[in-house]
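Open the model in your viewer and keep the selection tool at hand. Each stop tells you what to pick and what is there.

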Amino acid sequence: MYLVTAQEMRDLESYTINQLGIPGHVLMESAGRAVVDQIVKRFPNPKRVVVLAGTGNNGGDGFVVARWLAFRGWEVDLWLIGSAVKLTSDAKLYYHACEQLLNIHHAEKESEASLQAHLMMCDVIVDAMLGIGYSGMLREPFTSIVQWINQHAESYIFAVDMPTGVEADKGHVFPVALRVDETITFNCPKWGHYLLPGSKYCGKLKVVDIGITPAGHTKALTPNARLNDPNDWNMYLGGRKQWAHKGTYGHVLIIGGAKGTLGAVAMAGEAAYRMGSGLVTLTVPESQHEALAAKVTQEMIWSWPGKDHFLPEIAEELKTAFQRYDAVVCGPGLGRFPGEVRFIKEILQTVKRPLVLDADALNILAEHPHLMQFRANDCPTILTPHPGEMARLLRITTEEVERKRAAVALQLAYQTRSVVILKGRYTIIAFPDGKRVVNTTGSPALAKAGSGDILSGIIGSLLAQEIPVESAIQIAVYIHGRLGEEVDAHSALYRDLLDHIASIRQLLEPTNSPGN
């Protein structure tokens with residue numbers, strides 16, 4: 001499913017109206033009816049509802065909602081927020097229809113106390129004040145209405161397209177936004193549904209089809225962002241080949257595990273095996289070999305020259321050894337050490353396979369961004385920063401990262417010619433060609449040490465299995481998020497996450513998909 005900006009949504013509507021000849025008021029009727037369908041699914045028996053309608057097309061949707069709820073036996077209090085002379089032509093059509101059926105209240109003419117009394121008595125509120133047309137600073141009377149509802153109303157609240165006060169493209173909220181229980185949006189989700197702080201206000205999101213031209217119908221109508229959808233990549237999760245051997249599904253090398261951080265590399269290695277790799281090798285400094293050998297069973301261990309940390313020199317025999325691996329992960333438990341710049345430079349230059357950089361590998365790169373020039377353009381590189389690491393990589397604040405997640409992920413992808421996975425509640429995957437994918441799976445259970453190591457191991461495993469890079473990354477991020485949904489957010493340990501990989505992968509496999 002595509003993810004769109006407000007302008008991309010307007011372009012789709014314009015194409016539908018002007019090229020296909022479907023009038024705007026027909027789309028408005030469909031939108032209102034679709035909202036009503038969702039409302040009555042939640043509340044099958046008629047209730048008392050307050051519909052708050054603005055003067056734009058979002059308000060027109062609200063008029064349709066009010067009319068149809070009245071037809072279905074609901075007790076409807078319809079409030080126009082703004083002047084009737086400012087109504088759009090399509091909204092005016094349904095405003096006049098409601099005049100024949102309902103007593104329309106005008107916020108400009110009636111007291112705040114009257115509106116507040118209606119809001120206190122209703123069971124349901126429908127927010128059709130601004131929708132995706134809002135940007136900038138929320139003004140009166142919307143600010144006061146939103147603040148009052150947030151503080152006092154106990155009704156179930158539906159938003160039409162976007163909660164009032166949430167900016168559709170960046171998720172900005174200034175100064176306030178309406179907190180709703182459910183948002184019903186049309187055709188495609190909008191960026192503001194998934195970006196902070198706006199996403200906190202949207203409640204449950206439902207996307208409904210109202211007859212607008214589908215995104216992607218023509219090249220000009222194809223957005224560069226999508227939601228992470230298993231239908232785009234589950235064909236790569238089919239059954240295993242009947243005559244497979246351990247070399248069939250790739251060999252992953254995981255570099256990390258300096259003194260005191262062996263757990264990170266061990267977790268990444270186990271995740272890689274659980275995700276299907278045939279062979280996994282863990283690389284640690286020589287002094288850590290025995291300690292790691294006592295900790296792991298299935299993974300192989302390759303000792304790197306160095307006592308408590310990695311020596312930066314990569315001898316010719318090590319360069320030859322890299323050719324044995326199908327994918328390399330560098331960073332889990334890597335640590336910081338003398339010679340780290342040369343070490344990362346050698347890794348970037350020498351590894352000709354897909355390379356995942358995580359944890360301290362990112363922190364080293366943040367202090368020495370010039371290192372990426374040593375990475376060949378035809379060698380896939382994947383960066384997996386959390387917001388703090390992203391802030392260091394771009395030399396901005398973590399707060400700025402969270403305010404501009406979609407933009408900064410794409411910025412780093414451009415700058416480094418890498419695929420960037422900006423982790424968070426809605427992880428954003430940005431590609432250097434400008435495409436972005438937003439992942440919707442996840443839970444607070446992933447906000448624990450070790451979660452990122454598991455993700456890196458899963459990514460490395462899928463890349464080693466020669467799944468195309470774009471698909472492998474989307475699979476990894478989606479499954480990683482689903483792992484968090486399967487466990488208790490408070491008490492989950494890394495092994496609880498690993499124990500669910502097999503069942504989630506099986507659920508995602510396409511039906512009737514035998515091995516080849």
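## Stop 1: two helices

Helix 2 and helix 4 lie oblique to each other, because their angle of about 55° falls outside the ranges for roughly parallel, antiparallel or perpendicular. This is a predicted model. Select helix 2 (residues 24–42) and helix 4 (residues 89–99). Their axes are 9 Å apart. Helix 2 passes helix 4 in a right-handed crossing. Which residues meet here? From helix 2 come Gly24, His25, Met28 and Glu29. Asp90, Ala91, Leu93 and Tyr94 of helix 4 meet them.

## Stop 2: the sheet

Now show the strands. Strands of a sheet pair through backbone hydrogen bonds. Here, 7 strands form an open sheet with parallel pairing. Read their order as 3-2-1-4-5-6-7. Strand 3 (104–106) and strand 7 (204–208) are the edges, each pairing on one side only. On average, neighbouring strands are turned by 20° against each other, direction ignored.

Zoom in on strand 1 (residues 48–53) and strand 2 (residues 75–80). They run parallel, joined by 6 bridges. Pick Val50: opposite, in strand 2, stands Asp77.

## Stop 3: the cores

Select Phe63, Leu69, Trp74 and Leu78. These have the most contacts inside the largest nonpolar core, which has 55 residues. Helix 2 supplies the largest share of this core, 8 residues.

Centre on Leu78. What does Leu78 touch, leaving out residues up to four places away in sequence? Its contacts include Val51, Phe63, Cys98 and Ile104.

Finally, select Leu355, Met390, Leu393 and Val420. They are among the 52 residues of another core, which lies apart from the largest one.

Technical notes: Residues are numbered from 1 along each chain as its sequence is written. This is a predicted model: local features need pLDDT of at least 70, side-chain atom pairs count only at pLDDT 80 or more; totals for chains, interfaces and linings use all residues. Side-chain values use heavy atoms; hydrogens and water are left out. Two strands pair if DSSP finds at least two bridges between them. Helices (H or I, at least four residues) and strands (E, at least two) are DSSP runs, numbered from the N terminus. Axes are lines fitted to C-alpha atoms, for helices over the stretch in contact, and angles run from 0 to 180 degrees between N-to-C directions. A nonpolar core is a set of buried Ala, Val, Leu, Ile, Met, Phe, Trp, Tyr and Cys residues joined through side-chain atoms within 4.5 Å. Buried means under 20% relative accessible area, exposed over 50%, partly exposed in between (1.4 Å probe, protein chains only). Contact means heavy atoms within 4.5 Å. Angles under 35 degrees count as roughly parallel, over 145 as roughly antiparallel, 65 to 115 as roughly perpendicular and the rest as oblique. A crossing is left-handed if the near helix is turned anticlockwise from the far one by less than a right angle, and right-handed if clockwise.
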